[in-house]
There are 2 protein chains.
Amino acid sequence: MSTLKLQTNYLDAYIGQDELLLLNESVKSIHEEMHNKISTGNEFLGWLDYPLEDHSAELEKMLEIALEVRNNAKVFVVIGIGGSYLGAKAIQDALSPYFRVDESLPEVIYAGQNLSGRYMNQLLKYLKYKDVYINVISKSGTTTEPAIAFRILRKYMEEKYGEKANERIIVTTDSEKGALRELANEKGYRSFIIDEDIGGRYSVFTAVGLLPLAIQGYDIHAIMHGVKDAAIDLSEGDVITNQAYQYAAIRQLLLTKGFGVEVLASFEPALKNLHDWWQQLFGESEGKGLDGILPIAASFSTDLHSIGQYIQDGKRFLFETLLHFHEVEEDCEVPYDAQNKDQLNYLSDKSLNMINDIATQGTAMAHVEGGVPVMSIEVGTLDEYHIGYLMYFFMKACAMSAYLQGVNPFDQPGVEAYKFKMSELLGKNSEVRK
Amino acid sequence: MSTLKLQTNYLDAYIGQDELLLLNESVKSIHEEMHNKISTGNEFLGWLDYPLEDHSAELEKMLEIALEVRNNAKVFVVIGIGGSYLGAKAIQDALSPYFRVDESLPEVIYAGQNLSGRYMNQLLKYLKYKDVYINVISKSGTTTEPAIAFRILRKYMEEKYGEKANERIIVTTDSEKGALRELANEKGYRSFIIDEDIGGRYSVFTAVGLLPLAIQGYDIHAIMHGVKDAAIDLSEGDVITNQAYQYAAIRQLLLTKGFGVEVLASFEPALKNLHDWWQQLFGESEGKGLDGILPIAASFSTDLHSIGQYIQDGKRFLFETLLHFHEVEEDCEVPYDAQNKDQLNYLSDKSLNMINDIATQGTAMAHVEGGVPVMSIEVGTLDEYHIGYLMYFFMKACAMSAYLQGVNPFDQPGVEAYKFKMSELLGKNSEVRK
């Protein structure tokens, strides 16, 4: 099979080929505007061609630091919120073992994405007798949650390591401006650059996502290889041949037909954080102008015994996208049991992954019969290359989908609202005024 | 403050007191029918008065086994799907440390809620050199996912421990019938009973939920104390004085006004699994008849930088319920920094939990201004008692809400659809026919 295949055969009852083709003119012209960098939000289109450029020096630098961290730390704390950590966490959780066995690699812990005093208190206790490196990721350095976490953890590092703390703090931030850049220059922290034209939720294949993954020994070259191949494969401005655009167009057609909720579901629990990354990508790009598709995630089988009931029989305003990796390395067989009280002998000697594949098909069929538009994204092997490919597929689809909806895919005005209210209540705004 | 307080002051623009009172007749009569056990689905109303009965012998038996497991195992594997494990996991994750420090207590691992060969393969490797107890939870013993997991893990236990495996397998199932009951009787497994009149998603305060919690040293008496107090406090058939019914009535009014999605959000990341439990409770009880509220969960701050954008500015078909515990034991302060490059000195010496409380308020205000109906559930301390209380509050609210919607809160016909398709594709149905 190809690296990725969008399966739409269950959608015939909802979307005609003619409807899709009618969108092709819009898709083509958006594509041209996007690639000529003249579309709305064009100051954030750097991610489009980034994978085609040569980043080998940057990757080498990450691998060097990764080696150093592995030799000198038990814990690597990544401070960031939203797009500054969801991508790395998604790939990490998709590929790491379900049960931690290899204690030789540093443990990666995320901070700065919540304001829980309990979380931070326990983190400080946990770090007390362990050697630590910190990677703080923030364009401005003043987003409240990561800024607070960094202030607390910087103090911890300076008390623990003195001057040497500066060698254990790595900053990923703007090349020239912002609080974090200033501090890095002053203290001599090593740093990676967040390109000005790449927004948080499109940054997973920059140092934002790749450094934490390199620390854990994931093949960052393979990720970039997948991302690059996707950028090449998905470069046509056509709704039929470009699967990312096809996914985007289908989503927008379903939205206009009253399907305002998309459930991304998969049958491998390790993909849960990839769903979270996807939810941020689409939710923050499209949830605007009192419209857009609400993206929610489901992990099957467990959620089939939860909102599965709702998907099957609830309000008919949702559609489902099944994400399915065909090749999963490890597997297990159902043993034969002479007694067969559980009536499972019809499955004996069958592999769990095979049964899981059939559960995926069965679920699609049941949901289709229940009146849910279902499509699926079939991906090859669960590995770095294919996840990189898939993530770029989603990014390109998301940009096109938001443009088709008529909104800027790259801003997030609604996120400012809570920040402003919170700052006001905390007295920041009045203090600034003083 | 009281143990739990439903705050509705932000709802005035959406729901009048008169509308709420108009529902009171229905609420009263449903309440009567429910407590007289004559309402639809009355064969599953056992949970209503269960907390008022004496279960001390049962609790003692759990505590005895807990002691035995703690002395003889490093891992306690709980096999179950849906309501058979989500309740225990919710309480465990709400109360356990964010970072595992105490290695003296057995680790609790959940299985049988997915069909991933990778998960099971890795679990078997992980268990290889560790002493293990198993708790398999299933009414029938033939639900595919847990039945497969138990067949595999039973083989592992028998190969590892021989005859002694039977002493390390504890069954929670029906008192008389089903595959698991038969096997337990034959092998001499110790067992706990799932009462016939208590369904999976209402079973957290039976042995289904309490045994795994007792193993980990949580105060199961305190949980039952909270549950009992809730059963007493929420015993009036009135939409004003009974807060569970008020929450139910508000939900149904919002549904009729076009708000078909409820976001349950909180600012303590440890509550994520409590949200999953809530989602199962409401989604499986109400997602019926092509109607009902789609329950989704959000964990703030992180999700404010994700679907937070959608909540603020997306389609106006969602309402939000903020879940907020006032007293969280551990905390941490923001340190003073003379340089103040991050401009956070206005927060110095303030506690994170206090800032988090203000973030909760600020978020509510921002979302209200964005056109989202917001209510909040304020709970006292994050501990066993209050979580038990809260869960019973949700159960009673859910039953009332489903009845007001006109559906049976206790069946899940839609879950059968995928099971049937899957079995058909796997060839079970044809084999049975042979």
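## Polar contacts and salt bridges between the chains

In this predicted model, chain A and chain B share 64 residue pairs in polar contact, counting pairs with both residues at pLDDT 80 or more. On the side of chain A that touches chain B, the largest share comes from helix α13 (residues 352-369) of chain A, which supplies twelve residues. That side of chain A is made up of 57 nonpolar, 40 polar and 31 charged residues.

Salt bridges cross the interface too: the rule finds 18 of them between chain A and chain B. To look at one of these, find A:Lys315 and B:Asp291, whose side chains meet with 3.5 Å from N to O.

## How much the chains bury

Now for the interface as a whole. Contacts link 128 residues of chain A with 128 residues of chain B. Together the two chains bury about 10900 Å² between them, and 64% of that area is on carbon and sulfur atoms. Within chain A, the residues that lose the most area to chain B are A:Arg118, A:Arg151 and A:His305, together 9% of what that side buries.

## Two copies and their axis

How do the two copies relate to each other? A turn of 180°, with a shift of 0.0 Å along the axis, lays chain A on chain B with an RMSD of 0.0 Å. The copies are therefore related as by a two-fold rotation axis. If you want to find that axis from chain A, start at A:Ile296: its C-alpha is the nearest one in chain A, 3.8 Å from the axis.

The contact surface fits into this picture. Because 100% of the interface residues of chain A are also interface residues in chain B, the copies meet through the same surface.

## Aromatic pairs

Over all chains, the count comes to 48 aromatic pairs. One of them is the stacked pair of B:Tyr247 and B:Phe393, with 5.8 Å from centre to centre and 25° between the planes. B:Tyr247 sits in helix α10 (residues 243-256) of chain B and B:Phe393 in helix α14 (residues 384-405) of chain B, so this pair ties together parts that are 146 residues apart in sequence.

## Backbone details worth a look

Where does A:Ser301 lie? This residue is in the loop between β8 (294-299) and α12 (307-313) of chain A, and a cis peptide bond with omega of about 0° joins A:Phe300 to A:Ser301. In chain B, the peptide bond from B:Phe300 to B:Ser301 is cis as well, with omega near 5°. B:Ser301 is found in the loop between β8 (294-299) and α12 (307-313) of chain B.

Another residue to visit is A:Gln343, in the loop between β9 (318-327) and α13 of chain A. Its phi is near 60°, a positive value in a residue other than glycine.

How values were computed:
Residues are numbered from 1 along each chain as its sequence is written. Chains are lettered from A and ligands numbered from 1 in the order in which they are written. This is a predicted model: local features need pLDDT of at least 70, side-chain atom pairs count only at pLDDT 80 or more; totals for chains, interfaces and linings use all residues. Side-chain values use heavy atoms; hydrogens and water are left out. Contact means heavy atoms within 4.5 Å. Buried area is the accessible area (1.4 Å probe) that two parts lose on being put together, summed over both. A salt bridge is a side-chain nitrogen of Lys or Arg within 4 Å of a carboxyl oxygen of Asp or Glu. A polar contact is a pair of N or O atoms within 3.5 Å; within protein, one must be able to donate a hydrogen and the other to accept it, and residues adjacent in sequence count only if both atoms are side-chain atoms. Helices (H or I, at least four residues) and strands (E, at least two) are DSSP runs, numbered from the N terminus. Ala, Val, Leu, Ile, Met, Phe, Trp, Tyr, Cys and Pro count as nonpolar, Asp, Glu, Lys and Arg as charged, and the others, Gly among them, as polar. Copies are superposed by least squares on the C-alpha atoms of residues with pLDDT of at least 70 in both. Rings of Phe, Tyr and Trp (its six-membered ring) pair if their centres lie within 6.5 Å; planes under 30 degrees apart count as stacked, over 60 as edge-to-face and the rest as tilted.
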